[in-house]
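Please look over the sequence and the model before reading on. The paragraphs below go from the surface to the interior and back, one region at a time.

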Amino acid sequence: RRGTPATAASPDGPDGPTATHSSPPPPPPPPPPFAAPFPTLYVMPPDPFPEVEEFVDASALRYNLDICRIKSGMQIGLRQFLNDKPATKAILLGTRRTDPYSERLEEFAPTDPGWPEVMRVNPIISWTYRDVWTFLLSHGVPYCYLYDQGYTSLGGCSNTWPNPRLRSEQRACGYDPAYALDDPSLERDGRSAKAAAAAAAAAAAAGSVPGGAR
């Protein structure tokens, strides 16, 4: 239909906790939020985490998403997506101003010159890192469980490691969860050579494989 929007899939979240053995049978699950499959673009890294792929698959079922997976990069991927779905007038994104190259974006922003023409809709552009985690936790929204293992920003296996700021000797995985990060400006510290070295050292000490080298 004309004006059908698209969303960019966000790779975050495990299923919520299951009912305990003594709990009564759960009610039937609610219907998906979209009656018709919602066209969704997922621009994949060259080496995605299996955990992220599992979460994206689960999200497709949970929210009735028609996911188009593309590995060719955002600009080429968006052009291909719009060629396949020419009725699309806007795309719904999870971008925030603290994301790279996004500090000047507003809630509604046309794509930049040289990009395929479409309106970007950024409903959480003004949210902070803490706003996101407050919302997810208070509403029980599923997220990728890698965030419970010290990851605060997810890319591919070769460029993403647990955030060294969350290193913890008290947890079996060696890291506190993402929502425990005390300095939101360090959200992307797991996407650096320093994080890789810290993860390798921690893994060597624990006799395990570093998170980013799966």
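Is Glu106 buried, partly exposed or exposed? In this model, which is predicted rather than determined by experiment, Glu106 has a relative accessibility of 43%, and therefore counts as partly exposed. Its side chain meets that of Arg97 in a salt bridge, with 3.1 Å from N to O, and Arg97 is itself partly exposed, with a relative accessible area of 27%.

Before other contacts are followed, the overall layout is useful. The protein has four helices and six strands, and from the N terminus on these elements follow the order β-β-α-β-α-β-β-β-α-α. Of the 214 residues in the protein, 39% are buried.

The bridge between Arg97 and Glu106 belongs to a structure that holds eight salt bridges. Another of them joins Arg96 to Glu187, where the closest N and O atoms are 2.8 Å apart. This pair links distant parts of the chain, since Arg96 lies in the loop between β4 (90-92) and β5 (108-110) and Glu187 in the loop between α3 and α4, 91 residues apart. Both partners are charged residues that nevertheless count as buried, Arg96 because its relative accessibility is 7% and Glu187 because its relative accessible area is 12%.

A further salt bridge is formed by the side chains of Arg69 and Asp57, at 2.6 Å from N to O. Here too distant parts of the chain are linked, with Arg69 in strand β3 and Asp57 in helix α1, twelve residues apart. Arg69, at 35% relative accessibility, is partly exposed, and so is Asp57, at 39%. The contact is also part of a network of salt bridges in which Glu53 is linked with Asp57 and Arg69.

From these charged contacts the path leads to the aromatic rings. The structure holds five aromatic pairs, and one of them is formed by Phe49 and Tyr151, whose rings are edge-to-face, with 5.5 Å from centre to centre and 75 degrees between the planes. Phe49 sits in the loop between β2 (38-43) and α1 (50-63), whereas Tyr151 sits in the loop between α3 (129-139) and α4 (193-206), so the pair ties together parts that are 102 residues apart in sequence. Both rings belong to buried residues, for Phe49 has a relative accessibility of 0% and Tyr151 one of 1%. Ring pairs also link Trp133, Tyr143, Tyr147 and Tyr179 into a cluster. An aromatic ring can meet a charge as well, as at Tyr175, where the charged end of Arg167 sits over the ring, 5.2 Å from its centre.

Some of these aromatic residues return in the interior. The largest nonpolar core has 25 residues, and those that touch the most other members are Phe49, Val52, Trp133, Cys144, Leu146, Tyr147 and Leu154. The elements β2, α1, β3 (65-70) and α3 each give two or more residues to this core. Apart from it lies another core, made up of nine residues, including Ile70, Leu82, Leu93 and Val118.

What does α3 look like when its residues are sorted by exposure? In this helix Tyr129, Val132, Trp133 and Leu136 are buried. These residues cover an arc of only 90 degrees around the axis, which means that they lie on the same side of α3. The general geometry of helices fits this spacing, because an α-helix has 3.6 residues a turn, so that residues three or four places apart point the same way. On the other side of α3, Thr134, Ser138 and His139 are exposed. Just after the helix, Gly140 takes a positive phi of about 65 degrees.

Last come the cysteines. How many disulfides does the structure hold? There are zero disulfides, although burial is found among the cysteines: Cys68 counts as buried because its relative accessibility is 17%, and Cys157 counts as buried because its relative accessibility is 8%.

Key: Residues numbered from 1 in each chain as written. Predicted model: local features only at pLDDT ≥ 70, side-chain atom pairs only at ≥ 80, totals over all residues. Heavy atoms only, no water. Phe/Tyr/Trp six-rings, centres within 6.5 Å; stacked < 30°, edge-to-face > 60°. Buried < 20%, exposed > 50% of the residue type's maximum accessible area, 1.4 Å probe, protein only. Lys NZ or Arg CZ within 6 Å of the ring centre and 35° of its normal. Disulfide = S-S within 2.5 Å. Core = buried A, V, L, I, M, F, W, Y, C linked by side-chain atoms within 4.5 Å. Salt bridge = Lys/Arg side-chain N within 4 Å of Asp/Glu carboxyl O. Arc of directions from axis to C-beta.
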